[in-house]
Amino acid sequence: MATSATAHAHAGPQGFIRKYIFSLDHKVIGIQYFFLALTAVFVGMFLSLLMRIHLIAPLASLPLVGEIKPETYLSLLTMHGTIMVFFVLTTAPQGGFGNYFLPIQIGAPDMAFPVLNMLSFWTTFVGFVVIIAAFFVQGGAPLHGWTGYPPLSAVQSAGPGEGLGADLWITSIAIFCLASLMGALNFLTTTLDMRAKGMTMMRMPLTVWSWFITAILGLLAFGVLLSAGILLLMDRNLGTSFYVPQIIVNGQIMLHKGGSPLLWQHLFWFFGHPEVYIAILPGMGVTSQILSTFSRKPIFGYKAMVYAMLAIGFFGFMVWGHHMFMSGMSPYSAFAFSLLTMCIGVPSAIKTFNWLGTMYKARIRFQTPMLYAIGFVSLFVSGGLSGPFLAQPVLDIQLHDTYFVVGHFHLIMGVAAIFGMFAATYYWFPKMFGRMMNESWGRIHFFITLIGTYAIFMPMHYLGMAGGTRRYSQYTEVAYLQKLMPIHQFMTYAAIITIAAQFIFVINLFWSMFKGPKASDNPWEATTLEWITATPPPHDNFGGVTPVVHNGPYEYGVPGAARDFVMQTDPPVASSGH
Amino acid sequence: MADATLQHNAAAAHGVAGEYEAPLFGAYSKKVGMWLFLASDSLTFGALLFAFSYNRIYTAWPTPFGKESIINATIMTACLLSSSLTMVMAVFAAQRHDSSKTRLWLLATMVFGTAFIVLHGMEWTHLIHEGLSLPAFPKPAGQLDTEYAKISKGVPQFAATFFGLTAMHMLHVTIGVIYLGVVALRKWFLPILGVIYIGAYFAIPADNVFHYAVHALLIGLIVSAVILFLKPKDYDAHDVEVSGLYWHFVDLVWMFIFPLVYLMSTKI
Ligand code: HEM
Ligand SMILES: [Cu+2]
């Protein structure tokens, strides 16, 4: 065994470029991912602002962008969805926080493959540049939505933006797939091979479990999207017809022949459904971690949490058909997909139950991270309840492609995952930047965001049930939707306020980075390994030693212990919980 | 099972002493990493094969492959099978620390791999001349569009899936040959690759798709150069074993493509 490790072997690299730009240090890479996602989320948010304004005033001339035409609306929608799903929801929780804290939480000095880690960040970055470029090329950004359904996405002449813009879109996604594959490989190998002595699988914090399972999903799902994307590129540029039947576009008969748009839907959703769990699982991990820490109680049912996440991951690959009930599939397949989809409700409910159980009869410390974790649970429940409705083929015939679906996935995937990120940011900021964030502003930010979120997305359910279709540009022109316009107006005003409130967060973030009060090594009195090391952690995470783990991750309120929490490296105690 | 020296090479590589838990699957990190990559890659191929089957089920599928095609593909299969054997020999030699034997067996593997690519390339060229092609490929002089319809029996998906699947596989074999070349010869492989690239580019006429596809070698050259620059080390038995995993996987994929694409479309 390597006993001859020398002191200088783990001294950090010198020079600005090796230290901050092309760094191999997982912590720096994590922060790079974090800021990339922060940039992306603001771009995505700005696009959504334009969309919301357009929806209530389709003919208004806006500053900067002028009047938004229907096709521009569709590009905004596409870019909003794609940027949010890939470059925010997939990037920050996994690439950002996972990269920073997974090695530390298992007691490793770095990721298993640091070079690969660096490459995966820079590949993601290139992907982001490529997709942003789609705005600026001839014809602008594509129109086909984040799901990229053909034939619209497969035929160059199908609309403005479906030329070079769509090529850039799909290229960016292919690049993103490669980056995610590299990342997933690294996460998995690190977790399997680099756990410190005593860090058995069943002593890993639930955050680590969630990143680990997310990585499994990523590894298996992105490969499929990559293939689907390559075939789409072939259809677009080599004249093949995987996805395109014989069609007429703009009065012209296309040379394509014999393909099936459903093939894309199958491949896309085989990736797409696991992808929604890729977005949400890290949030579940962080929430578990924070709920336990701030309730000063062991997580309720640690093993059940682990098995529930594994079950979600497993079933997640068998339910893609629930996005395709309307595609004319056989009622038997629809029944099977519906049943399997409902099965996912069970582990989801177990998790919710355990979160509530953790908080039950606890002396809760209501600090900002905790508020956001509770917010996560709330959104997960409100968004999740509409899932079983959508999973009924009969109901889905009415609800598919309406605002009901938009409400469902924004609550559960969009904002819940974002709440997970906020929770993670407020929770780990002290460790990452060595200072505390401002509590009062954190709370104000939380309450505006929580109420704002519900105000924006709850009415969407009503809108959808009333027949409000999604991906329309001018509802003002549709007679039967006229009466629903006040709801749209309400949502737009709520969106403007909520978006404005996000600046509180950014200002708090940057102000605290430089001016916040200095953080101690363990400000939240938590138990996992990141809290035993210095703040911010040294280059090799633990200053040349490898921690030895004796306890489970959530030993709070252990009878007979000196403090109300027992660190994972403290001398062993009889386990208190599970 | 994991022998003690292998166990913590991942952590030891970072120069931090200390004790670690035994790796879950008892394998060193690089091997785990390769297995995971292969898991993912098999889904990438799985999706392509799904696309193929999906089209095949819903269309009256043509069966145009005559005797020459099948014989050719059988020889190609034999090449790959032999290359798997030589790869195994290379891994054994590496485990005995016999570096010159290792290099020889690796080179043999590369020769079989290259033979596969060349035969496959000739097959492609032949089929394209017969009229099986994609709209975007350069057309050989004097070829009519109708002939294209003839060989694929009016099923454009046939050509699309054929070229899509086999191109993806050929790309994997090419990457494999370059990968083995780097493991066997390290930086001395770069000039060899350069010569092959330039030679192939000038030898292949401009109305042949491979005139353009050959640029993949240039990309491979650049990537290998970067990797060799970042990690200019000797490759050991582990590296050979890991490259072997990749190589066997690529062979295995062909064992799916050969029956599905060729044998099931034999002329009847
Ligand atoms: C009990 C759990 C859930 C069930 C039963 C469920 C069911 C469904 C169904 C049936 C649809 C298709 C609706 C349609 O398009 O007509 C759907 C859409 C969607 N769901 Fe869920 N869901 C659940 C949880 C989740 C979770 C946890 C996430 C994300 C983290 C999520 C994200 C999405 C997204 C993004 C879409 C829409 C995609 C699109 O069309 O753009 N769902 N859900
Ligand atoms: Cu789904």
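Trainee: What's the mean pLDDT of chain A, and what share of its residues reach 70 or more?
Mentor: Chain A has a mean pLDDT of 92, and 97% of its residues reach 70 or more. Here pLDDT is the predictor's confidence in each residue, from 0 to 100.

Trainee: And where in chain A is the pLDDT below 50?
Mentor: Over residues 1-10, and that stretch has 17 contacts in the model beyond near neighbours in sequence. A contact means heavy atoms within 4.5 Å.

Trainee: Any ground rules before I dig in?
Mentor: This is a predicted model, where local features need pLDDT of at least 70 and side-chain atom pairs count only at pLDDT 80 or more, while totals for chains, interfaces and linings use all residues. Residues are numbered from 1 along each chain as its sequence is written, chains are lettered from A and ligands numbered from 1 in the order in which they are written, and side-chain values use heavy atoms, with hydrogens and water left out.

Trainee: OK, metals. What's the protein donor of the iron atom of ligand 1?
Mentor: A:His408, through NE2 at 2.2 Å, is the only protein donor there. Donors are N, O and S atoms within 2.8 Å of the metal (3.2 Å for Na, K and Ca), and water is not among the atoms, so sites may look incomplete.

Trainee: Where does A:His408 lie?
Mentor: In helix α13 of chain A, residues 403-433. Helices (H or I, at least four residues) and strands (E, at least two) are DSSP runs, numbered from the N terminus.

Trainee: How many Å separate the iron atom from the copper ion?
Mentor: 4.6 Å, with the copper ion being ligand 2.

Trainee: Switching topic: which cis peptide bonds should I look at?
Mentor: One joins A:Pro150 and A:Pro151, with omega about 5°. A:Pro151 sits in the loop between α5 (114-133) and α6 (164-193). Another joins A:Thr535 and A:Pro536, omega about -15°, and A:Pro536 is in the loop between α15 (485-515) and β5 (555-556).

Trainee: What about phi for A:Asn250?
Mentor: A:Asn250 has a positive phi of about 50° although it isn't a glycine. Most residues other than glycine have a negative phi.

Trainee: Is A:Asn250 buried or exposed?
Mentor: Exposed, because its relative accessible area is 64%. Buried means under 20%, exposed over 50% and partly exposed in between (1.4 Å probe, protein chains only). A:Lys361 also has a positive phi, about 55°, and is exposed at 72%. A:Lys361 is in the loop between α10 (331-359) and α11 (368-390).
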